[in-house]
Amino acid sequence: MNIHEQLKQIANERQITLKDAIVQSGLNYNNMINKFQRDTIRLSEVEKILDILGKEIRIVDKQK
């Protein structure tokens, strides 16, 4: 599952469209869709969208 599908799933769980989450985060929806397709989205952009969705990114040690 790529980041676009994951964000879409999280948005669906929060009962909001991914488009609405992107717009509320202050990003341009059409630009973001292009970035998803080209796989050029920045971590800072993902963090902005996740903030609207009530989520955050964490770095954790791998389980052995």
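**Entry 1. A pair at the surface**

I began with Arg-58 and Glu-56 and noted that both are exposed. I should record at once that the model is predicted. I then looked up how these two residues meet. Arg-58 and Glu-56 form a salt bridge, and their closest N and O atoms are 2.7 Å apart. I wrote beside this that side chains of opposite charge can pair when their charged atoms come close.

**Entry 2. Overall layout**

I stepped back to the whole chain. How many helices and strands does the protein have? I found four helices and zero strands. Read along the sequence, the order is α-α-α-α. I took the extent of the C-alpha trace along its principal axes, and it is about 40 × 25 × 20 Å. The protein has 64 residues, and 28% of them are buried.

I also looked at contacts between residues with a separation of 6 or more. Of these, 46% are between residues 24 or more positions apart.

**Entry 3. Salt bridges**

How many salt bridges does a search of the whole structure find? The search gives two. I had one of them already, between Arg-58 and Glu-56. I looked up the pair Glu-45 and Lys-35 next, whose side chains meet in a salt bridge at 2.5 Å, N to O. Glu-45 lies in helix α4 and Lys-35 in helix α3, so this pair ties together parts that are 10 residues apart in sequence.

Are Glu-45 and Lys-35 buried or exposed? I found both to be buried. I set this beside the pair Arg-58 and Glu-56, where both residues are exposed.

**Entry 4. Lys-35 by itself**

I went through Lys-35 in more detail. Lys-35 belongs to helix α3. Its relative accessible area is 18%, and I count Lys-35 as buried because the cut-off for that class is under 20%. A polar contact of 2.5 Å joins its side chain to that of Glu-45. Setting aside residues up to four places away in sequence, I listed what Lys-35 touches: Thr-40, Ile-41 and Glu-45.

**Entry 5. Glu-45 by itself**

I repeated the lookup from the other side. Glu-45 is in helix α4. Its relative accessibility is 9%, so Glu-45 counts as buried. Which residues does Glu-45 contact once neighbours within four places in sequence are left aside? I noted Leu-27, Met-32 and Lys-35.

**Entry 6. The nonpolar core**

I turned to the largest nonpolar core, which has 15 residues. Leu-7, Leu-18, Ile-22, Met-32, Phe-36, Ile-49 and Leu-53 touch the most other members. I checked which helices contribute, and α1, α2, α3 and α4 each supply at least two residues of this core.

I followed Leu-7 as one of these members. Apart from neighbours within four places in sequence, Leu-7 is in contact with Leu-18, Phe-36, Ile-49, Leu-50 and Leu-53. I also noted that Met-32, another of the listed core members, is in contact with Glu-45.

**Entry 7. Rings**

I searched for aromatic pairs and the count came to zero. I did find a charge placed over a ring. Lys-19 lies over the face of Tyr-29, at 5.2 Å from the ring centre.

**Entry 8. Two loop residues with positive phi**

I looked for positive phi values outside glycine. Gln-15 has a phi of about 60° and is not a glycine. Where does Gln-15 lie? I placed Gln-15 in the loop between α1 (3-13) and α2 (18-24). Its relative accessible area is 76%, so Gln-15 is exposed.

Asp-39 gave a similar note: its phi is positive and near 60°, and this residue too is other than glycine. Asp-39 sits in the loop between α3 (29-38) and α4 (43-52). At 64% relative accessibility, I entered Asp-39 as exposed, because that class takes values over 50%.

**Entry 9. Glu-47 and Lys-8**

Last, I looked up Glu-47, which lies in helix α4. Glu-47 has a relative accessible area of 40%, so I recorded this residue as partly exposed. I took one distance from Glu-47, to Lys-8, which is 39 residues away along the chain. The C-alpha atoms of Glu-47 and Lys-8 are separated by 14 Å.

Definitions and conventions:
Residues are numbered from 1 along each chain as its sequence is written. This is a predicted model: local features need pLDDT of at least 70, side-chain atom pairs count only at pLDDT 80 or more; totals for chains, interfaces and linings use all residues. Side-chain values use heavy atoms; hydrogens and water are left out. Buried means under 20% relative accessible area, exposed over 50%, partly exposed in between (1.4 Å probe, protein chains only). A polar contact is a pair of N or O atoms within 3.5 Å; within protein, one must be able to donate a hydrogen and the other to accept it, and residues adjacent in sequence count only if both atoms are side-chain atoms. Contact means heavy atoms within 4.5 Å. A salt bridge is a side-chain nitrogen of Lys or Arg within 4 Å of a carboxyl oxygen of Asp or Glu. Rings of Phe, Tyr and Trp (its six-membered ring) pair if their centres lie within 6.5 Å; planes under 30 degrees apart count as stacked, over 60 as edge-to-face and the rest as tilted. A charge sits over a ring if NZ of Lys or CZ of Arg is within 6 Å of the ring centre and within 35 degrees of the ring normal. A nonpolar core is a set of buried Ala, Val, Leu, Ile, Met, Phe, Trp, Tyr and Cys residues joined through side-chain atoms within 4.5 Å.
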